[in-house]
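Here is a short tour for anyone meeting this chain for the first time. Take a look at the sequence and the model, then read on.

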Amino acid sequence: MPPDHRLADRRTIDLKKSATWQGIEAEVMRRISERVWAPGELIPGEVDLAQEFGCARATVNRALRQLAEAGLLDRRRKGGTRVARYPVRKATLDIPVTRLEIEGRGVPYRHTLLNREICCPPDSICEAMDVSQTTQLLHLPALHFADGKPFLYEDRWINTAAVPEIQDEIFSEINANEWLIEHALFSRGDIRFSAANATKKEAKILQCEAEQAIFIIDRTTWNKDQSVTSVRLAYAPGFHMRSQI
């Protein structure tokens, strides 16, 4: 049966209607998922795709860059762009607002600031935040409660050089986690997940048994080359975490 050129023409028109970078991204993903372009295959160049979609080369570049960052394309300088042979599925991790996380469970939230001081941090924090041992940081350990029970012990250090306005906040109405999400810019972060036995201090604060297994998140955020905050989050026993891919 001869090809139906009307369908081909209609397809070209549809592609050109979708000539935003999001539309191009969706079409490239379709071709990958439906094996129009097989794993490891070299796909058309940006100039050819721009002509096909009827758009600027920069629009195609942005779409392909997004897919490369998602692990679906392998882009090599002077080597073209190929469909990733072994696609990397990346988890999407957000910095949650603890208050909303607890209220989302349908229970009341409150928090208590356990201490507030400007002091030199321990060596582990100096290394994580890339500051000298004589640097003065704001130390804000706090406890978050869910339905009156300890939910999360937050041991936080803040670089006031990155967010000087935080020194005026007394944290009576808002916790440091929520304040930083609302006010502090960050461009990247380092996150480490682990299971650990609760120290005596953590067990006392979280009202659990010493040496009982708890979930730990160590997170440091940066704004370009300047560290913003480093926090150790120790969750009460029974906590579980979900993500998406």
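What percentage of the 245 residues in the chain do buried residues make up? The figure is 38%, where buried means under 20% relative accessible area, exposed over 50% and partly exposed in between, with a 1.4 Å probe and protein chains only. Keep in mind that this is a predicted model, where local features need pLDDT of at least 70 and side-chain atom pairs count only at pLDDT 80 or more, while totals for chains, interfaces and linings use all residues. Residues are numbered from 1 along each chain as its sequence is written, and side-chain values use heavy atoms, with hydrogens and water left out.

The chain has 8 helices and 9 strands; these are DSSP runs numbered from the N terminus, with at least four residues for a helix (H or I) and at least two for a strand (E). Contact here means heavy atoms within 4.5 Å. Of the contacts in the chain with a separation of 6 or more, 58% are between residues 24 or more positions apart.

**Strand E9 and its partners**

Let's start with strand E9, residues 226-235, which is mostly covered: 8 of its 10 residues are buried. Two strands pair if DSSP finds at least two bridges between them, and the table shows the partners of E9.

| Partner of E9 | Bridges and direction | Opposite residues |
|---|---|---|
| E6 (residues 149-158) | 7 bridges, antiparallel | Glu154 and Leu233 |
| E8 (residues 213-223) | 8 bridges, antiparallel | Thr220 and Ser230 |

E8 and E9 also form a hairpin with 2 residues between the strands, and there Lys224 takes a positive phi near 60°.

**Empty spaces**

Rolling a probe the size of a water molecule over the atoms shows where empty space is left. On a 1 Å grid over the protein atoms alone, a cavity is a set of points where a 1.4 Å probe fits but cannot get out, a pocket is an open set with protein on both sides within 12 Å along at least five of seven lines, and lining residues have an atom within 4 Å of a point. Grid points are joined across faces, edges and corners, and a volume is the space filled by probe spheres set on the points.

There is 1 cavity of 30 Å³ or more, and the largest cavity has a volume of about 30 Å³. Glu154 and Leu233 turn up again here, among the residues that line the largest cavity. E6 and E9 each supply at least two residues of that lining.

The second largest pocket has a volume of about 310 Å³. It is lined by 16 residues, and the closest to its centre are Ile125, Ala128, Arg192, Asp218 and Ser230. Helix H6 (123-129), E6, strand E7 (188-197), E8 and E9 give two or more residues each to this lining.

**A nonpolar core and a buried histidine**

A nonpolar core is a set of buried Ala, Val, Leu, Ile, Met, Phe, Trp, Tyr and Cys residues joined through side-chain atoms within 4.5 Å. The largest one has 17 residues, and Leu64 is among those with the most contacts inside it. Helices H2 (21-33), H3 (46-53) and H4 (57-69) each supply at least two residues of this core. Setting aside neighbours within four places in sequence, Leu64 is in contact with Val28, Ile43, Glu46, Leu49, Leu73 and Arg75.

Finally, His111 lies in strand E3, residues 109-113. Why does His111 count as buried? Because its relative accessible area is 18%. Beyond its neighbours within four places in sequence, the contacts of His111 include Leu143, Phe171 and Asn175.
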